[in-house]
Amino acid sequence: MSRDDTSTLGSLVEQGERDPTTIAAQRAKGDALAIEVGGDLALRWRIAVVRSVMLAPPDGDAVRELYGELVDRYRDDPAGLAMLKPIGDEIRRLEAAGALPSAMVARSDRRKKH
């Protein structure tokens, strides 16, 4: 990871948080940088991606699937899960209001078996 990667991801995150419609054009680059950089900045990127998809879901499962992947990824990170909880609450509110498709995504248990 380089300082340039962190700086670039930081710029993408700030831009995406200000205007979620910019995420789609930068998604591949931002996703790759999030893997490289990690930490809170990567979580902020992933949250911005979910928020952008919430504005224009490509299909009925997209929002729940992305959110479920985030919960799986941050399952053992209480601080990360705390940042995700308000998004889950917002998704449920939007589904109840009919503004987002309500979908049940069946996910396998991906936790390591001991």
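**Exercise 1. Find what covers the buried residues of α3, and decide how enclosed this helix is.**

Solution.
Step 1. In this predicted model, the cover over the buried residues of α3 includes α1 (3-18), α2, α4 and α5.
Step 2. List the buried residues. They are Leu-41, Ala-42, Leu-43, Trp-45, Arg-46, Ile-47, Ala-48, Val-49, Val-50, Ser-52, Val-53 and Met-54.
Step 3. Set them against the length of the helix. Twelve of the 17 residues of α3 are buried, so the helix is largely enclosed by the rest of the structure.

**Exercise 2. Check the span of α3 against 1.5 Å a residue.**

Solution.
Step 1. Take the expected span. The rule counts one less than the number of residues. For the 17 residues of α3 it gives 24 Å.
Step 2. Take the value from the model. The end C-alpha atoms of α3 are 25 Å apart.
Step 3. Compare. The two values agree.

**Exercise 3. Do the span check for helix α4, then name its buried residues and their packing partners.**

Solution.
Step 1. Helix α4 covers residues 62-73, twelve residues in total. At 1.5 Å a residue, they should span 16 Å.
Step 2. The end C-alpha atoms of α4 are 16 Å apart, which agrees.
Step 3. Now look at burial. A residue is buried when its relative accessible area is under 20%. In α4 this holds for Ala-62, Val-63, Arg-64, Leu-66, Tyr-67, Gly-68, Leu-70 and Asp-72.
Step 4. Find the partners. The buried residues of α4 pack against α2 (23-37), α3 (39-55) and α5 (78-96).

**Exercise 4. Describe the largest cavity: its volume, its lining and the elements that supply it.**

Solution.
Step 1. Search the whole structure. One cavity of 30 Å³ or more turns up.
Step 2. Give the volume. The largest cavity has about 40 Å³.
Step 3. List the lining. The residues are Pro-57, Asp-59, Gly-60, Asp-61, Ala-62, Val-63, Arg-64, Ile-91, Glu-95, Leu-100 and Pro-101.
Step 4. Assign elements. Those giving two or more residues to this lining are α4 and α5. The largest share, three residues, comes from α4.
Step 5. Sort by character. The lining divides into six nonpolar, one polar and four charged residues.

**Exercise 5. Place Leu-81 in the structure: is this residue buried, partly exposed or exposed, and what does it touch?**

Solution.
Step 1. Leu-81 is found in helix α5.
Step 2. The relative accessibility of Leu-81 is 29%. Partly exposed runs from the 20% limit to the 50% limit, so Leu-81 counts as partly exposed.
Step 3. Set aside neighbours within four places in sequence. Leu-81 is then in contact with Val-71, Tyr-74 and Arg-75.
Step 4. Add a distance. Leu-81 and Leu-70 are eleven residues apart along the chain, and their C-alpha atoms are separated by 8.6 Å.

**Exercise 6. Do the same for Glu-36: which helix holds it, and how far is it from Asp-5?**

Solution.
Step 1. Glu-36 lies in helix α2.
Step 2. At 47% relative accessibility, Glu-36 counts as partly exposed.
Step 3. Glu-36 and Asp-5 are 31 residues apart in sequence. Their C-alpha to C-alpha distance is 7.8 Å.

**Exercise 7. Sum up the whole protein: its elements, burial, contacts and surface.**

Solution.
Step 1. The protein has five helices and zero strands. Along the sequence, this reads α-α-α-α-α.
Step 2. Of the 114 residues, 35% count as buried.
Step 3. Take contacts between residues at least 6 apart in sequence. Of these, 60% join residues at least 24 apart.
Step 4. The protein exposes about 7200 Å². Carbon and sulfur atoms supply 51% of that area.

Technical notes:
Residues numbered from 1 in each chain as written. Predicted model: local features only at pLDDT ≥ 70, side-chain atom pairs only at ≥ 80, totals over all residues. Heavy atoms only, no water. Helix = DSSP H or I, 4+ residues; strand = E, 2+ residues; numbered from the N terminus. Buried < 20%, exposed > 50% of the residue type's maximum accessible area, 1.4 Å probe, protein only. Contact = heavy atoms within 4.5 Å. 1 Å grid on protein atoms, 1.4 Å probe; cavity = no way out; pocket = protein on both sides within 12 Å on 5 of 7 lines; lining within 4 Å. Points joined across faces, edges and corners; volume = space filled by probe spheres on them. Nonpolar A, V, L, I, M, F, W, Y, C, P; charged D, E, K, R; others polar. Areas by Shrake-Rupley, 256 points an atom, 1.4 Å probe, with all protein chains shown as cover.
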